[in-house]
Amino acid sequence: MKNYARVVVKAGTNVLTSKTQRLNKNVVSKLVAQLAWLHNQGIEVLLVTSGAIAVGRQVLDYNLNSPDVPSRQVLASIGQSRLMHIYQQYFSKYNLRVAQALITKEDISQRQGYLNIRNTLITLLSKKVIPIINENDVVAISEIQENIIGDNDSLSALVTNLVDADLLIMLTDTAGLYTADPKRNKKAQLIDKVAIINDEITKLANNNTNPMGRGGIAAKIAAAQLVTSSGSTAVIASGLTDN
């Protein structure tokens, strides 16, 4: 990691819940430990996190896989502050300070909003504070509507470009991009490196969705394309693998 000065890490819902309907605090603890380690190596770290809806579902004991959009907004509203509190608790063990940033893609698309968010995030980093970023689901519903793939993947790519980060790491429940869907094809092989994202790579992307997560490999490939076109590096890796 010594070649990277600024890193954005995106943790999806399937990682943070270990593919269940409840936040796995053990996974969160290990994630925070690794981010703290990077921070202590002098690497600036930003975390783009999902999980607010899962935490809200846990609070209200919501056992529905696909509630309507207003319900998901309510769950996000309830879960977000609790999710931040959990992160705050774990980061405090390493004497690290965190800051919450709830943003939408619309905020970034506007010039003034872009500059305001960029200035805030970079100033936080300069003060050794770790920004924890999430989509503002109470305001923006595109990320939580059914049949819309995106999760926080595209947001993490936008943030990477926004702060000129060197590396985007998208943590998911698979090891990366395969030649076929590894859940359906036992002969599927992991592709270690993609030099160019062309039509062939795009076709390999799997659009399978999960009731708990809005993302998919297709969304991550699109995010990687956005990041690499700006000169940064993107990694898709399993967030359920140690270190």
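Let me start with a single bridge in this predicted model: K10 has V48 as its bridge partner, and V48 lies in β2. That pair belongs to a wider pairing, since strand β1, residues 6-11, and strand β2, residues 44-49, run parallel and are joined by 6 bridges.

If we step back to the sheet that holds these two strands, we find an open sheet of 6 strands, paired in parallel, whose order reads β3-β4-β2-β1-β5-β6. The edges are taken by β3, residues 97-103, and β6, residues 233-238, and because each of them has a single partner strand, one side of each is left without a neighbour in the sheet. Between neighbouring strands of this sheet the turn is 20 degrees on average, with direction ignored.

Onto this sheet packs helix α4, residues 69-92, which touches β2, β3 and β4, the last of these being residues 129-135. The direction of α4 makes about 155 degrees with that of β3.

Now to a pair of helices. In general, two packed helices are described by the angle between their axes and the distance between the axes. Helix α7, residues 153-162, packs with helix α9, residues 217-228, at an angle of about 10 degrees, and their axes are 8 Å apart. Angles under 35 degrees count as roughly parallel, and α7 and α9 are therefore roughly parallel to each other.

Which residues make this contact? On α7 they are D153, S154, A157, L158, T160 and N161, while α9 brings A219, K220, A223, L226 and V227. Sorted by character, the residues of the contact of α7 with α9 come to 6 nonpolar, 3 polar and 2 charged.

Note on methods. Residues are numbered from 1 along each chain as its sequence is written. This is a predicted model: local features need pLDDT of at least 70, side-chain atom pairs count only at pLDDT 80 or more; totals for chains, interfaces and linings use all residues. Side-chain values use heavy atoms; hydrogens and water are left out. Two strands pair if DSSP finds at least two bridges between them. Helices (H or I, at least four residues) and strands (E, at least two) are DSSP runs, numbered from the N terminus. Axes are lines fitted to C-alpha atoms, for helices over the stretch in contact, and angles run from 0 to 180 degrees between N-to-C directions. Contact means heavy atoms within 4.5 Å. Angles under 35 degrees count as roughly parallel, over 145 as roughly antiparallel, 65 to 115 as roughly perpendicular and the rest as oblique. Ala, Val, Leu, Ile, Met, Phe, Trp, Tyr, Cys and Pro count as nonpolar, Asp, Glu, Lys and Arg as charged, and the others, Gly among them, as polar.
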